[in-house]
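Have your viewer open and your selection tool ready. We will go from stop to stop, with something to select at each one.

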Amino acid sequence: MLSEEGTGRFLSSRVRDIRPSGIRAFFDLNAAGGDTIALGVGEPDFVTPEKVREACIRALRKGQTKYTSNAGLMELREELSAYFSGSFALSYDPGQEIIVTVGSSEAVDLALRAVIDPGDEVLIPAPSYIAYEPITHLHGGKIVEVAATAEERFKLTPQALQAAITPHSKVLMINYPCNPTGTVMTEQDWLPIAELVIKHNLVVISDEVYAELTYGRKHVSIASLPGMKERTIVVSGFSKAFAMTGWRVGYACGPRELIAGMLKIHQYTAMCAPTIAQIAALESLRHGLAAKDEMMASYNERRKLFVAGLNAIGLACHEPEGAFYAFPSIASTGMSSGQFALRLLEEAKVAVVPGHVFGSGGEGFIRCSYATSLVDLEKALERMGRFMQVMQPV
């Protein structure tokens, strides 16, 4: 009989090489304890709006529990097409250029699997969302980090991108508004990036799950620039802006050949996104936009309070223009981001994410989610302020 340790040899080398999630591993240490204020996991504190939940209940009572088309409910794809046209100046054929997925995470996975072969290089601005690297690794791709520095407000610059491109580069994986930095790219920021993408014949996978969460400016998708729609897969979902994390509904829009490739994989793995969740997503687009805007206004209020508070207690923080994260520097403390986050959790009962888990450029920073109540944010700032006054660098 094999021991538990012995069975580990059956794991593939790619799975063995993957590190567990830096976010989840950190919170497993102590975040479940008592009076801890959690500013870590990127999840809205809002409940899915009542209209959406009621639509789901009605559908259940009607027995709408069968499979949908592999690509998703046509009504949902049609509504997504209209939504993109009105909100982001992008037109997609709901029949061939949109696929509904099990969250935006599956959409990212499908997109990478559909376009990379073993050895292809995937360019990822860093710091960035932690899932891109392991997913790329699982599919045989090679990660090439592109430095997005604090000096440039964590924006992707053409100089940094050009320096990272090699003959093996195939994909540019981007996430703006950015998790963890809250950085937003403007049309002027994107124009020279688009020129390089076209010049070097790259495919772009653009994770725009925070597209609705921008402050003081409108989101600009790189796919909307001349020559970019035909080489860009736009990934998004309902989790963040629509407060639907547990429903697991995402989608991808892109050239029909690439969406068809993603659909092939989706057919043999997930089959389709949950029917009831798709019905809820459809209701969100049809009757939930006002609730989305109200949540957005609340995030903006929290953002202003929290970022001002961080700067006031000595944690220098640039103003995030999107998403619901602040990414303050802890360099003045003399600690690593891991040391700071652990001590803050143990001594002040505030849970944040150490910046190093987001790749190069993240060390020296911590990620704080302000998708929690104003009351908790004020308490967190008070605790963090006391911590900053009494702690001693290690």
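Start with β5, the strand that supplies the largest share of the lining of the largest cavity, three residues. Keep in mind that this is a predicted model.

**Stop 1: the largest cavity.** To see the whole lining, select Pro125, Pro127, Ser128, Tyr132, Ala148, Phe154, Met173, Ile174, Asn175, Tyr176, Cys178 and Thr181. The space they surround has a volume of about 70 Å³. Colour the lining by class and you will get nine nonpolar and three polar residues, with no charged ones.

**Stop 2: strand β3.** Pro125, which you already have selected as part of the lining, leads to the next stop. Select residues 121-126, which make up β3. Are they buried or exposed? Six of the six are buried, so the strand is largely enclosed by the rest of the structure. In a regular strand, side chains alternate between the two faces of the sheet. Here, Glu121, Leu123 and Pro125 point one way, while Val122, Ile124 and Ala126 point the other way.

**Stop 3: the neighbours of β3.** Add residues 142-147 to bring in β4, which runs parallel to β3 and is joined to it by six bridges. For one pair to look at, pick Ile124, whose bridge partner in β4 is Glu145. Now follow the chain from β3 to β4: the path goes through helix α7 (residues 132-138), and this β-α-β crossover is right-handed. Then show residues 169-175, your starting strand β5, which is parallel to β3 and joined to it by three bridges. Glu121 is the residue to click here, with Ser169 as its bridge partner in β5.

**Stop 4: the second largest cavity.** How many cavities of 30 Å³ or more does a search of the whole structure find? There are two. For the second largest, select Arg153, Lys155, Gly182, Thr183, Val184, His318, Glu319, Pro320 and Glu321. They line about 50 Å³ of space. By class, this lining has four charged, three polar and two nonpolar residues.

**Stop 5: an open sheet.** Finally, display β9, β12 and β11, three strands that form an open sheet in that order with antiparallel pairing. β9 (325-326) and β11 (353-354) stand at the edges with a single partner strand each, so one side of each has no neighbour in the sheet. Zoom in on β9 and β12 (residues 366-369), which are joined by two bridges. Select Tyr325 to finish: its bridge partner in β12 is Ser369.

Note on methods: Residues are numbered from 1 along each chain as its sequence is written. This is a predicted model: local features need pLDDT of at least 70, side-chain atom pairs count only at pLDDT 80 or more; totals for chains, interfaces and linings use all residues. Side-chain values use heavy atoms; hydrogens and water are left out. Buried means under 20% relative accessible area, exposed over 50%, partly exposed in between (1.4 Å probe, protein chains only). Helices (H or I, at least four residues) and strands (E, at least two) are DSSP runs, numbered from the N terminus. Two strands pair if DSSP finds at least two bridges between them. A crossover is right-handed if, with the strands pointing away from the viewer, the path from the first strand over the helix to the second runs clockwise. On a 1 Å grid over the protein atoms alone, a cavity is a set of points where a 1.4 Å probe fits but cannot get out, and a pocket is an open set with protein on both sides within 12 Å along at least five of seven lines; lining residues have an atom within 4 Å of a point. Grid points are joined across faces, edges and corners, and a volume is the space filled by probe spheres set on the points. Ala, Val, Leu, Ile, Met, Phe, Trp, Tyr, Cys and Pro count as nonpolar, Asp, Glu, Lys and Arg as charged, and the others, Gly among them, as polar.
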